[in-house]
Amino acid sequence: MTVANPRIVTVRQNILKANDHTAAENRATFTAAGVRAINLASSPGAGKTALLERTLRDLAGQMSMAVAVGDLATENDAARLRQHGAQAEQIVTGTICHLDAAMVQAVLPRFDLAGLEVLFLENVGNLVCPSSYDLGEAARAVLISTTEGEDKPLKYPTMFNTADVVVITKMDLADAVGFDRDLCRENIDRARPGVPVIELSSRSGAGLDAWFAFVRGEPT
């Protein structure tokens, strides 16, 4: 008897093909509006929202920014980000563990793209599913925190292999948790050779200049 796996693979390929088509439409929309869209992906608790809070606060008045936030069930992150004066629109994904291009496309009419320079797409906390879904972003940032350990790039190579930049967060806690910086960077390089790496702390502000340069689209 023939196994069912080929059908599952075919369905998945069709889903991704449809997603890629919508992602291309999103990318064209962003390009036409002059918006730099940045997709942030990480495991839960790596510090995506904290980094965005610091970015919105420190670059306020210098850049026009907004955020589309993916979450399984709550609007907590969007509420946190709105406190910094930026528009933040929540995308509640329900049981789906990632954002896809159609979800992003559906929320875009809520933004005045012509008045924006940067739109952050804060993905659902997950280092597996988001790796397969192009959202139409100009750049993808993958975050890993010092409290997670150094082996995440080896456990989730597909996610790190799609990164345009890897951001190591919570560097202020590195010594306290015995974080091995050199090993982490070695593992990142094994998963994605040559990818730029930014080390920072949203709490202390260390390393944020490099992140802000990435946000602006400058070389890192």
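Let's start with the charges in this predicted model. The chain carries 21 positive and 27 negative charges, and the mean positions of the two groups lie 3 Å apart.

Now step back and look at how the chain is built. Its secondary structure consists of 8 helices and 7 strands. With these elements in place, the radius of gyration comes out at 17 Å, close to the 17 Å that the globule rule gives for 220 residues, so the chain is as compact as a globular protein of that length. If you would like a picture of its outer dimensions, imagine a box of roughly 60 × 40 × 35 Å along the principal axes, which the C-alpha atoms fill.

How does the chain fold back on itself? Take the contacts with a separation of 6 or more: 71% of them are between residues 24 or more positions apart. As for what is hidden from the outside, 49% of the 220 residues count as buried. The accessible surface of the chain amounts to about 10,300 Å², and carbon and sulfur atoms make up 51% of that area.

Finally, let's zoom in on a single residue, Pro 109. You can find Pro 109 in the loop that runs between helix 4 (101-107) and strand 4 (118-122). Is Pro 109 buried or exposed? Its relative accessible area is 67%, and exposed means over 50%, so Pro 109 is exposed. Try locating Ile 96 as well: Pro 109 and Ile 96 are 13 residues apart in sequence, while their C-alpha atoms are 22 Å apart in space.

Definitions and conventions:
Residues numbered from 1 in each chain as written. Predicted model: local features only at pLDDT ≥ 70, side-chain atom pairs only at ≥ 80, totals over all residues. Heavy atoms only, no water. Helix = DSSP H or I, 4+ residues; strand = E, 2+ residues; numbered from the N terminus. Rg over C-alpha atoms; globule rule 2.2 N^0.38 Å. Buried < 20%, exposed > 50% of the residue type's maximum accessible area, 1.4 Å probe, protein only. Contact = heavy atoms within 4.5 Å. Areas by Shrake-Rupley, 256 points an atom, 1.4 Å probe, with all protein chains shown as cover. Lys, Arg positive; Asp, Glu negative; His and termini not counted. Charge placed at Lys NZ, Arg CZ, Asp CG, Glu CD.
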